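Colleague: Before we discuss the binding surface and the pockets, please show me the model.

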Amino acid sequence: MRLTLSACPPFSLSAVVRSHGWADLLPFGRDAGTGELTRVERLASGRVVEMFVQEEASGVSVEVHDRLSGAEHEEVAHKVEWMLGLSQDFSAFYALAREESRLAYVEEGARGRILRSSTLFEDVVKTILTTNTRWTGTIRMVKALVSQFGTSLPADPTRRAFPTPDQLAATDERTLRSATRLGYRAPYMLELARSVTASTLDLEALKTAGIPTTQLRKRLLALKGVGDYAAANLLILLGRYDFVPVDSWAIKMVSHEWHSGEPVGRAEIEAAFERWGEWKGLAYWFWDWSYEGEE
DNA sequence: GGTAGACCTGGACGC
DNA sequence: GCGTCCAGGTCTACC
């Protein structure tokens, strides 16, 4: 099955893939040579398929090496549209960015879209797994979760989809800790998965919730393991850019960019991007930092 | 509302 | 090979 999807211009698949590290986390994959993005996905029907996404003239093509039903076809299209943010329009952000040399490149490079997972559940799990650990630790923990609990791709059982809330909710903390080395994050994962499974939490509804960003942020902060940084990060994935995800990297960058290396706090980070208003988070995300750190 | 300490893990480092 | 230290956000208890 092959389908083509159009994107709101300007669009660049490689820009979405390079927007952050999500493409390095299973069940995403990529071909360095062709720039193709792949993903093992479990559909609502329970079938597990692999998607091959390639850039086309006005958007992307999606190929699945299976025959799909009409509903499955529609589901694949809907999920790819969400993951790549194909309908997102950044013209207002670009108009502001043209006046700032550190962001002058964003429009020409079609930057702005940030790769998302197909479900907010997966993005919340992955975001929690970025906290209080190094990136290599995040990769390891996500890999362990997928390989231990995800459903196999029939054509290649070594490859698996991201586990569903049901699949994670069915395990216990002891197993989760020993099988995935999530450490203290294990109970957070379990509580999240069990809340979704029990329908006491409708995470996916937050994708389209027409509520103010501050309320959306409160909902995210109510999740165990989601603090200020994780909530701001998730808001950006949801297309809300009113908050800056302040982590140790942001502190280091702002310190060297505007404070001569002197220690700064959350207030200084927020102040540094205050003028970008509703685009604050995106301005931070794509800021062309002159300081690259000691590494 | 602000702050200190605990939470876990893997990697770096010294011996 | 072993022990120690460190980085990385969030939570909880306490003030």
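Colleague: What volume does the second largest pocket have?

Modeller: The second largest pocket has a volume of about 570 Å³, a volume being the space filled by probe spheres set on grid points joined across faces, edges and corners. This is a predicted model, in which local features need pLDDT of at least 70, side-chain atom pairs count only at pLDDT 80 or more, and totals for chains, interfaces and linings use all residues. Residues are numbered from 1 along each chain as its sequence is written, and side-chain values use heavy atoms, with hydrogens and water left out.

Colleague: Which residues lie nearest the centre of the second largest pocket?

Modeller: They are Glu41, Lys79, Ser118, Thr119 and Glu204, among 28 lining residues. Helix α2 gives the most to this lining, with five residues.

Colleague: How do you know that glycine 227 makes a polar contact with DNA strand C?

Modeller: A polar contact is a pair of N or O atoms within 3.5 Å; within protein, one must be able to donate a hydrogen and the other to accept it, and residues adjacent in sequence count only if both atoms are side-chain atoms. A backbone N or O atom of glycine 227 lies 3.0 Å from a phosphate oxygen of the strand, and therefore the pair qualifies. For valine 226, a backbone N or O atom is 3.4 Å from a phosphate oxygen of DNA strand C.

Colleague: What contact does tyrosine 184 make with DNA strand C?

Modeller: An N or O atom in the side chain of tyrosine 184 is 3.2 Å from a base nitrogen of DNA strand C, so this pair also meets the definition.

Conventions:
Chains lettered and ligands numbered in written order. 1 Å grid on protein atoms, 1.4 Å probe; cavity = no way out; pocket = protein on both sides within 12 Å on 5 of 7 lines; lining within 4 Å. Helix = DSSP H or I, 4+ residues; strand = E, 2+ residues; numbered from the N terminus.
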